[in-house]
Amino acid sequence: NCPVILAGDLNSTPIYRSNRPLRDLLNDAWIEAGWGFGYTDHAALPFARIDHVLHRGFRTVSAEIVKVSNSDDRGLHVVLAPAR
């Protein structure tokens, strides 16, 4: 299998049915290395985790939520490394 990275604002939380096919195939970087809820939406007072980094063929080194200027969401900063 080829390595894959899918990252972005999916406008859905991990429990949505629309995410299940992706989550069956790919790993969630936040679950692997994040701390807390991982809420990114809305920037001022986050209450939902809608921004995701999903992958296959990598290991998650770190995952954190960061403030981003000029955005309606907070950012998700993830560091991936090739799988060993």
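Phe47 lies in the loop that runs between helix 2 and strand 3, and this residue offers a convenient way into the structure, which is a predicted model. Together with Phe37 and Tyr39, Phe47 makes up a nonpolar patch on the surface, and the three residues have about 360 Å² of accessible area together.

To place that loop, it helps to step back to the chain as a whole. The chain contains two helices and five strands, and read from the N terminus the elements follow the order β-α-β-α-β-β-β. Along the principal axes, the C-alpha atoms fill a box of roughly 40 × 25 × 20 Å. The radius of gyration of the chain is 13 Å, which agrees with the value near 12 Å that a compact globule of 84 residues would have. Of the contacts between residues at least 6 apart in sequence, 60% join residues that are at least 24 apart. Buried residues account for 31% of the 84 residues, while the accessible surface of the chain comes to about 5600 Å², with 57% of that surface belonging to carbon and sulfur atoms.

The sheet is the next feature to follow. Strands of a sheet pair through backbone hydrogen bonds, and they may do so in a parallel or an antiparallel manner. Here three strands form an open sheet in the order 1-3-2, with antiparallel pairing. Strand 1 (4-9) and strand 2 (27-28) are the edge strands, each of them pairing on one side only. Six bridges connect strand 1 with strand 3 in the antiparallel sense, and within this pairing Val4 has Arg56 of strand 3 as its bridge partner. On the other side, strand 2 is joined to strand 3 (residues 51-56) by two bridges, and these strands also run antiparallel. Asn27 stands opposite His55 in strand 3, and Asp28 has Leu54 of strand 3 as its bridge partner. How much of strand 3 is buried? Five of its six residues are, so strand 3 is largely enclosed by the rest of the structure.

Asp28, already met as a bridge partner of Leu54 in strand 3, also takes part in charge pairing. Side chains of opposite charge can pair when their charged atoms come close. The structure holds two salt bridges. In one of them Arg23 pairs with Asp28, with the closest N and O atoms 2.7 Å apart, and in another the side chains of Arg49 and Asp28 meet at 2.9 Å, N to O. The pair of Arg49 and Asp28 links distant parts of the chain, since Arg49 belongs to the loop between helix 2 and strand 3 whereas Asp28 belongs to strand 2, 21 residues apart. Arg49 has a relative accessible area of 9% and therefore counts as buried, and Asp28 counts as buried because its relative accessibility is 7%. Through the partners that these salt bridges share, Arg23, Asp28 and Arg49 are joined into one network. Arg23 is buried, as is Asp28.

The loop between helix 2 (29-33) and strand 3 also holds Thr40. Is Thr40 buried or exposed? Thr40 counts as buried, because its relative accessibility is 0%. Leaving aside its neighbours within four places in sequence, Thr40 is in contact with Pro46, Ala48, Arg49, Ile50, Asp51, Ile65, Asp73, Arg74 and Gly75. Arg49 is thus part of the surroundings of Thr40 and also a partner of Asp28 in a salt bridge.

A few features of the backbone remain to be described. Most residues other than glycine have a negative phi, and most peptide bonds are trans. The peptide bond from Asp41 to His42, however, is cis, with omega near -5 degrees, and His42 is located in the loop between helix 2 and strand 3. Asn11, although not a glycine, has a positive phi of about 50 degrees; Asn11 sits in the loop between strand 1 and helix 1 (20-25), and it counts as exposed because its relative accessibility is 56%. Asn70, which is not a glycine either, has a positive phi of about 60 degrees. Asn70 is placed in the loop between strand 4 (58-66) and strand 5 (75-82), and its relative accessible area of 84% is the reason that Asn70 counts as exposed.

Key
Residues are numbered from 1 along each chain as its sequence is written. This is a predicted model: local features need pLDDT of at least 70, side-chain atom pairs count only at pLDDT 80 or more; totals for chains, interfaces and linings use all residues. Side-chain values use heavy atoms; hydrogens and water are left out. Two strands pair if DSSP finds at least two bridges between them. Helices (H or I, at least four residues) and strands (E, at least two) are DSSP runs, numbered from the N terminus. Buried means under 20% relative accessible area, exposed over 50%, partly exposed in between (1.4 Å probe, protein chains only). Contact means heavy atoms within 4.5 Å. Patches are made of residues with over 30% relative accessible area and no salt bridge: like charges are joined within 9 Å, nonpolar side chains (Val, Leu, Ile, Met, Phe, Trp, Tyr) within 5 Å. Accessible areas come from the Shrake-Rupley method with a 1.4 Å probe; for residues, only the protein chains shown count as cover. A salt bridge is a side-chain nitrogen of Lys or Arg within 4 Å of a carboxyl oxygen of Asp or Glu. The radius of gyration is taken over C-alpha atoms; the globule rule is 2.2 Å times the number of residues to the power 0.38.
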